[in-house]
Amino acid sequence: MWGVDGATAGPEWDGHLMLLHESAAERQAGVAAWVQRGLDLGEKVLYAEGPEEREGSLMVALEVHGVDAATALGEGRLTLLPLAEFYPTDGQRLVVDRALAEGFPAVRMSVGALGAVTILSPGHHLTVERRLEELVRSLPVSALCQYAR
């Protein structure tokens, strides 16, 4: 897992990443850069808005940072998922396989840490993180985990 600072969105923005942020503005800038990179690469971006965000705030933040989120959403390149769909009982491999079956070359997935802990127990969260690491290593997947500093 790599840390990112939101300043640049180069090749180091692929894989299993951790975005440590000190403010909502810093988090939104980092997420926007990561999402934009995925859209530029033609990837499918899956995002679950957790309790740290108001409903729809991701779309506003992306637009503020120059990401044409409305078009990406309309074209199916960006999908906002409820937490239960982002973390299905059968595992996130199912979510990734569905996105890849749509013909995308790769999948990006992200949710804030507060979103994860509202739906997963601490033990299950660790299991999900381990499985996610396996997905990133074996499939064209990038995952951005967001944590407040």
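1. His 21. In this predicted model, His 21 lies in strand S2, which spans residues 16-21. His 21 has a relative accessible area of 10% and is therefore buried, since that term applies to values under 20%. Leaving aside neighbours within four places in sequence, the residues in contact with His 21 are Glu 26, Arg 27, Gln 146, Tyr 147, Ala 148 and Arg 149. One of these partners, Arg 149, is 128 residues away from His 21 in sequence, yet the two C-alpha atoms are 5.3 Å apart in space.

2. The chain as a whole. The pairing of His 21 with Arg 149 is one example of distant positions brought together in space. Across the chain, 69% of the contacts with a separation of 6 or more are between residues 24 or more positions apart. The chain has 149 residues, and 48% of them count as buried. Its secondary structure consists of seven helices and six strands. Followed along the sequence, these elements give the pattern β-β-α-β-α-α-β-α-α-β-α-α-β.

3. Glu 43. This residue is found in the loop that runs between helix H1 (24-40) and strand S3 (44-48). Is Glu 43 buried or exposed? Its relative accessible area is 10%, which is under 20%, so Glu 43 counts as buried. The side chain of Glu 43 makes a polar contact, at 2.4 Å, with the side chain of Arg 108. Not counting residues up to four places away in sequence, Glu 43 touches Arg 108 together with Gly 38, Arg 77, Phe 104 and Ala 106.

4. Helix H2. This helix covers residues 57-64, and Ser 57, Leu 58, Met 59, Ala 61 and Leu 62 are buried within it. Which elements cover these buried residues? Among them are helix H1, strand S3, helix H3 (69-74) and strand S4 (78-81). The student may also wish to examine the backbone at Gly 66, just after H2, where phi is positive at about 85°.

5. Helices H5 and H7. Two packed helices are described by the angle between their axes and the distance between the axes. For helix H5 (residues 92-101) and H7, the axes come within 10 Å and cross at roughly 35°. H5 contributes Gln 92, Arg 93 and Val 96 to the contact, while H7 contributes Val 128, Leu 132 and Leu 135. Sorted by class, the residues of this contact are four nonpolar, one polar and one charged.

6. The cavities. How many cavities of 30 Å³ or more does a search of the whole structure find? There are two, and the largest cavity has a volume of about 120 Å³. It is lined by 17 residues, of which Tyr 87, Val 111, Glu 129, Leu 132 and Cys 145 are the closest to the centre. Leu 132 thus appears in two settings: it lines this cavity, and it belongs to the contact of H7 with H5.

7. The cavity lining. Four elements each give two or more residues to the lining of the largest cavity: strand S5 (107-112), helix H6 (113-119), helix H7 (122-138) and strand S6 (141-148). The largest share, five residues, is supplied by S6. By class, the lining has 12 nonpolar residues, four polar residues and one charged residue.

Terms used:
Residues are numbered from 1 along each chain as its sequence is written. This is a predicted model: local features need pLDDT of at least 70, side-chain atom pairs count only at pLDDT 80 or more; totals for chains, interfaces and linings use all residues. Side-chain values use heavy atoms; hydrogens and water are left out. On a 1 Å grid over the protein atoms alone, a cavity is a set of points where a 1.4 Å probe fits but cannot get out, and a pocket is an open set with protein on both sides within 12 Å along at least five of seven lines; lining residues have an atom within 4 Å of a point. Grid points are joined across faces, edges and corners, and a volume is the space filled by probe spheres set on the points. Ala, Val, Leu, Ile, Met, Phe, Trp, Tyr, Cys and Pro count as nonpolar, Asp, Glu, Lys and Arg as charged, and the others, Gly among them, as polar. Buried means under 20% relative accessible area, exposed over 50%, partly exposed in between (1.4 Å probe, protein chains only). A polar contact is a pair of N or O atoms within 3.5 Å; within protein, one must be able to donate a hydrogen and the other to accept it, and residues adjacent in sequence count only if both atoms are side-chain atoms. Contact means heavy atoms within 4.5 Å. Axes are lines fitted to C-alpha atoms, for helices over the stretch in contact, and angles run from 0 to 180 degrees between N-to-C directions.
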